[in-house]
Amino acid sequence: MAGSGSSMLYSFLLFTVILSLQEMYRGKLASSELFTILGGFISSLLFLVSLTFIGNFQEACGMRTGWGAVILAEAVALVAAGTVHRVCITTCFLFSAGLLYEISKISGVTLSKSESKTKRH
């Protein structure tokens, strides 16, 4: 597993690459309904990597990560989606909600496994 510093760097680089590609192809992404939905999904990936960046940054600073990080990451992703098409904002929000649910589920399973290992020893 990557440390918080390297994970923060990788997520920032991924954010930059994804945002750059999205802006380069925003005309194509706004050209049809299917591409507009794809644009929302790509923006939700921006949500995921920006949430990773913010969470790792807060962890490196010794702060506790909470809903503020989620709201900030979602706002950044929605603004990026808005530069492509208005419908991308809606699909980005829906895809981001699904990703957040899955992240929360995975986090809960991982946390319960690590707590059971510490209680055993």
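Me: Why does lysine 105 count as partly exposed?

Reply: In this predicted model, lysine 105 has a relative accessibility of 41%. Buried means under 20% and exposed means over 50%, with partly exposed in between, so lysine 105 counts as partly exposed.

Me: What makes the contact of lysine 105 with glutamate 102 a salt bridge?

Reply: The closest N and O atoms of lysine 105 and glutamate 102 are 3.6 Å apart. The criterion asks for a side-chain nitrogen of Lys or Arg within 4 Å of a carboxyl oxygen of Asp or Glu, and the pair therefore forms a salt bridge. Glutamate 102, at 35% relative accessibility, also counts as partly exposed.

Me: How are lysine 105 and glutamate 102 placed in helix H5?

Reply: They are three residues apart in helix H5 (residues 86-120), which means that about one helical turn separates them.

Me: How many salt bridges does a search of the whole structure find?

Reply: The search finds two salt bridges. One of them joins the side chains of arginine 26 and glutamate 23, at 3.0 Å from N to O. That distance is within 4 Å, so the pair satisfies the criterion.

Me: Why are arginine 26 and glutamate 23 called partly exposed?

Reply: Arginine 26 has a relative accessible area of 39%, and glutamate 23 has one of 27%. Partly exposed is the class between under 20% and over 50%, so arginine 26 belongs to it, and so does glutamate 23.

Me: Is glutamate 74 buried or exposed, and what decides this?

Reply: Glutamate 74, found in helix H4 (residues 67-82), has a relative accessible area of 11%. Buried means under 20%, and glutamate 74 is therefore buried. From glutamate 74 to glycine 55 the C-alpha separation is 13 Å in space, with their positions 19 residues apart in sequence. Of the 121 residues of the protein chain, 28% count as buried.

Me: Which class does leucine 100 fall into, and why?

Reply: Leucine 100, whose place is in helix H5, has a relative accessible area of 21%. Buried requires a value under 20%, so leucine 100 is partly exposed. Leucine 100 and glutamate 59 lie 41 residues apart in sequence, and their C-alpha atoms are 19 Å apart in space.

Me: What makes helix H1 roughly antiparallel to helix H3?

Reply: The axes of H1 (residues 4-24) and H3 (residues 33-61) come within 8 Å and cross at roughly 155 degrees. Angles over 145 degrees count as roughly antiparallel, and H1 is therefore roughly antiparallel to H3. The crossing of the two helices is left-handed. In the contact of H1 with H3 there are 13 nonpolar residues, nine polar residues and one charged residue.

Me: Where does UniProt place the feature "transmembrane region", and what is the secondary structure of residues 6-22 and 34-55?

Reply: The unreviewed UniProt entry places this feature at residues 6-22, 34-55 and 75-101. Residues 6-22 are 100% helix and 0% strand, with end C-alpha atoms 24 Å apart. Residues 34-55 are likewise 100% helix and 0% strand, and their end C-alpha atoms lie 32 Å apart.

Me: What is the order of elements along the protein chain?

Reply: From the N terminus on, the elements run α-α-α-α-α, in keeping with a total of five helices and zero strands. The C-alpha trace spans about 60 × 25 × 25 Å along its principal axes.

Technical notes. Residues are numbered from 1 along each chain as its sequence is written. This is a predicted model: local features need pLDDT of at least 70, side-chain atom pairs count only at pLDDT 80 or more; totals for chains, interfaces and linings use all residues. Side-chain values use heavy atoms; hydrogens and water are left out. Axes are lines fitted to C-alpha atoms, for helices over the stretch in contact, and angles run from 0 to 180 degrees between N-to-C directions. Helices (H or I, at least four residues) and strands (E, at least two) are DSSP runs, numbered from the N terminus. Angles under 35 degrees count as roughly parallel, over 145 as roughly antiparallel, 65 to 115 as roughly perpendicular and the rest as oblique. A crossing is left-handed if the near helix is turned anticlockwise from the far one by less than a right angle, and right-handed if clockwise. Ala, Val, Leu, Ile, Met, Phe, Trp, Tyr, Cys and Pro count as nonpolar, Asp, Glu, Lys and Arg as charged, and the others, Gly among them, as polar. UniProt positions are given in the numbering used here, feature names are shortened, and annotations may be inferred rather than shown by experiment. Buried means under 20% relative accessible area, exposed over 50%, partly exposed in between (1.4 Å probe, protein chains only).
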